[in-house]
Structure formats: structure tokens, C-alpha cells
2 protein chains.
Amino acid sequence: MKKSLGAKTLIFPTPVWVVASYDKKGRPNAATVAWGGICNSRPPSVAVSLRKSRYSYDNIIDRKAFTLNVPCAKQIKIADYCGIASGKNADKFSKTGITAVKSAIVDAPYIQEFPMILECRLLNTFELGAHTQFVGEIMDVKVDENMLGKEGLPDILKIRPALFCPEVFAYHEVGDYIGRAFSIGKEIT
Amino acid sequence: MKKSLGAKTLIFPTPVWVVASYDKKGRPNAATVAWGGICNSRPPSVAVSLRKSRYSYDNIIDRKAFTLNVPCAKQIKIADYCGIASGKNADKFSKTGITAVKSAIVDAPYIQEFPMILECRLLNTFELGAHTQFVGEIMDVKVDENMLGKEGLPDILKIRPALFCPEVFAYHEVGDYIGRAFSIGKEIT
């Protein structure tokens, strides 16, 4: 029996990604988001949504760039902090000990200590209501070499990204491998 | 040391959600997507991206509605199949034994056997390139009663949703609880 829970932004899983950008003075900021996902394969693009009130909003509009930084489970406290504090009155990098590295390909910093980062060029903004959606073209994906597995691809059990449960306010990490995509379903066909 | 992997739709995690819709003849279809995420809090909205070639594309445009159905890890084979087969030449419901339930609030079916479902009214479509992004207003979230935990909220370790690793083509399930959101970061402030 299904229970109706109402009109809520409640679905599992949502990601934990830290958006990094430069402000007008060239200072890096880091803002954690859970509202986002890959949105297009060609050009490869990812969407994240921010409220206008967030300090990163103008940064991304002005610089037409952002990075997405994927924390590992051990860095969840830093990621949570970057979703609570505002760049208006806190230097989140010095406060947490993370390092801003200037991207060579987009006008935004990335977080050195996080295992997986995407450098994005702003392609589009869509006004949706409370949130504005930023669509970024993924110009490059960089992963710590010791997080790569077979065939040189990132190993999710080494990276250990976090998940967010909306409404429940819980973070979880990734669990066991359960199957190969575009493959295990073939048994049914 | 970070290694550059190129301009790819590669980030962790992405979800495994099954989009359900009705075709012109009123037959239900189910299409698995990993390109999507919550995109707005007010109105509560979720975005999923589909290629024009997918059978669900016209269904959603015509009916202005879809549901998102979250499979549990045990249903991953069904979800994978719904990403491989096309509704053009397969009745995925009879083939997999899942049941289409007509939503009472949007013109789309949901999947009875899946533990968490969202009923969405199409708000917007954005042409992004290879994919079209469908923004749906979440009209209701329904969860199996036996998947609810404390405070009547869905328990992610009961629902056991799946994650998808792009490029790696691996599915994983959710792992351990690692902290409370908007809370554990306060130690830093």
C-alpha cells in the first residue's frame, strides 16, 4: 500500500556536489548543492540549481563558469559546512582547509582535495521559480589518479561520493555493486 | 595528482529512475533514465532528459505528464531492461511483470511494484542538444508504507534505490549513513 506524502522535492538519491566559483574580487567560493544532475550528452552538460540569494549566483553569471567538486564520504563535514555558511561572510576555503586551484580551462577554481571535479562553462540559465538552473558544458573531468580503477575509469568505491536524502536530511555513502548497466536487463529480452 | 579524463558526462552519483507515460493508444511505457535531478523547490520540480528518439518523448509531450519510479536494488534488472528495450516494439510491463497503475492526479501511469513514485505535471521542455530536458512539477510523492521510517519519512535503507556510474556502466546500491545534513558542518562554523 502506497502512502501519499504530498508535493515535495523528495526522491532518492540526490547528489552532494560542491559548486566552486570566483567572486568579483577573484576570491573563490564553494557552495554545496543537491539539486542537479547530468542533463545532456552532446554537448556533455550538467545542470545545478541555485537560489538567487546564494553568493555563487552572481559569481557564475559574471564569470560564465563553475566547477563541480565531488567530495568523498570522509569530506562530508566540509561539504555540509559549504551548504550552511555563505561566501558573503565566510572564506570557506581557509575555514575548512581546502585549496582552490585555478582551472586552466574555465574561469573558476576547483577543490584540490576532492577526488573528482568537473570544469564547466555556463551554457544556459533557466528561471524555474525559487531556483535558477545553471546548465554547464562539461569541458573536462579530472579525477585523482589513485581513484582510478580498471580501464583507467574512476572507481566509485574508491571515490566514495556521498548521497543526500531530501526531507530526511541524511547523508549516505555508496554501497555494493549490483550489476552491469545495459547488460543485466538483456536476460529479459 | 589529478588525471584529465576529457569532456564526458561523468560524475558520481547519477540516479536510476524509470519514467512512465502513456502513448497515443493509452498503453503504458517505462523508460529508464540517469540524466536527471531535482531542479527547483517552489514549485517542487524534477528534471529528466530524454532523446527525441525515445518512445516516451512524444508520450510526455502529448499527455503533459509523467511519473518517476524509483526501483529498489532487487529490481535493477527490470530497470536495466527498461533502459534497453523500446516501447515502440515491446510491452515492457507484461515482459517484466510490473503493473501500471493509472495516476489519479496526472495523465500517466506509475509502477505499483516500485517503492517510491513521483507524479509529475509537465511544466517546461528545454532543448539542450542531444537531449531534451523535461521539467515536471511534483504533484505528489507516494511511498510504500513498509518503506517508511521514523517521522513517517521514507527510509533510504529500506527503499534501497540504485545508483548509476556513467562511463563505467555499473550499478551500485546505497551504503551506510554518514551524517545529518545542515548539521554536521556546524562544527566548523
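Two strands are taken to pair if DSSP finds at least two bridges between them. In this predicted model, that criterion yields an open sheet of six strands in the order β2(A)-β12(A)-β13(A)-β13(B)-β12(B)-β2(B), paired in the antiparallel sense. The sheet is edged by β2 (14-15) of chain A and β2 (14-15) of chain B, each of which pairs on one side only.

The sheet may be followed from the edge in chain A. There, β2(A) and strand β12 (residues 162-165) of chain A run antiparallel and are joined by two bridges; Thr14(A) has Phe164(A) as its bridge partner in β12(A). The passage from one chain to the other is made by strand β13 (residues 170-180) of chain A and strand β13 (residues 170-180) of chain B, which are antiparallel and share seven bridges. Within this pairing, Ala170(A) is partnered by Arg180(B). On the side of chain B, four bridges connect β13(B) with strand β12 (residues 162-165) of chain B, again in the antiparallel sense, and Ala162(B) has Glu173(B) as its bridge partner. β12(B) and β13(B) constitute a hairpin with four residues between them. In its turn, Glu167(B) adopts a positive phi of about 70°.

Helices pack on this sheet from both chains. Helix α2 (residues 76-84) of chain A lies across β12 and β13 of chain A together with β13 of chain B, and runs at about 75° to β13(B). Its counterpart α2(B) touches β13 of chain A together with β12 and β13 of chain B, its direction making about 75° with that of β13(A). The buried residues of α2(B) are Ile76(B), Ile78(B), Ala79(B), Asp80(B), Tyr81(B) and Cys82(B). Their cover includes β13 of chain A, as well as β3 (17-22), β4 (28-33), α3 (92-96), β12 and β13 of chain B.

How are the two chains related? Two copies of a chain are related by a rotation about an axis and a shift along it. Here, chain B is superposed on chain A by a rotation of 180° with 0.0 Å of shift along its axis, at an RMSD of 0.0 Å. This is the relation of a two-fold axis. Gly175(B) is the residue of chain B that comes closest to the rotation axis, its C-alpha lying at 1.9 Å.

The contact between the chains involves 90 residues of chain B and 90 residues of chain A. β13(B) supplies the largest share of the side of chain B that touches chain A, with 11 residues. By residue class, that side comprises 53 nonpolar, 20 polar and 17 charged residues. Because 100% of the interface residues of chain B are also interface residues in chain A, the copies meet through the same surface. The chains also pair through strand β11 (residues 131-144) of chain A and strand β1 (residues 2-6) of chain B, antiparallel over four bridges; here Asp144(A) stands opposite Lys2(B) in β1(B).

Taken by itself, chain A contains four helices and 13 strands. Its radius of gyration is 17 Å, close to the 16 Å that the globule rule gives for 189 residues, so chain A is as compact as a globular protein of that length. The C-alpha trace of chain A spans about 55 × 45 × 35 Å along its principal axes. Of its 189 residues, 56% count as buried. Among the contacts in chain A with a separation of 6 or more, 61% join residues 24 or more positions apart.

Notes: Residues are numbered from 1 along each chain as its sequence is written. Chains are lettered from A and ligands numbered from 1 in the order in which they are written. This is a predicted model: local features need pLDDT of at least 70, side-chain atom pairs count only at pLDDT 80 or more; totals for chains, interfaces and linings use all residues. Copies are superposed by least squares on the C-alpha atoms of residues with pLDDT of at least 70 in both. Two residues are in contact if their C-beta atoms, placed from the backbone, lie within 7 Å. A residue is buried if 20 or more other C-beta atoms lie within 10 Å of its own, exposed if 12 or fewer, and partly exposed in between; C-beta atoms are placed from the backbone. Ala, Val, Leu, Ile, Met, Phe, Trp, Tyr, Cys and Pro count as nonpolar, Asp, Glu, Lys and Arg as charged, and the others, Gly among them, as polar. Axes are lines fitted to C-alpha atoms, for helices over the stretch in contact, and angles run from 0 to 180 degrees between N-to-C directions. The radius of gyration is taken over C-alpha atoms; the globule rule is 2.2 Å times the number of residues to the power 0.38.
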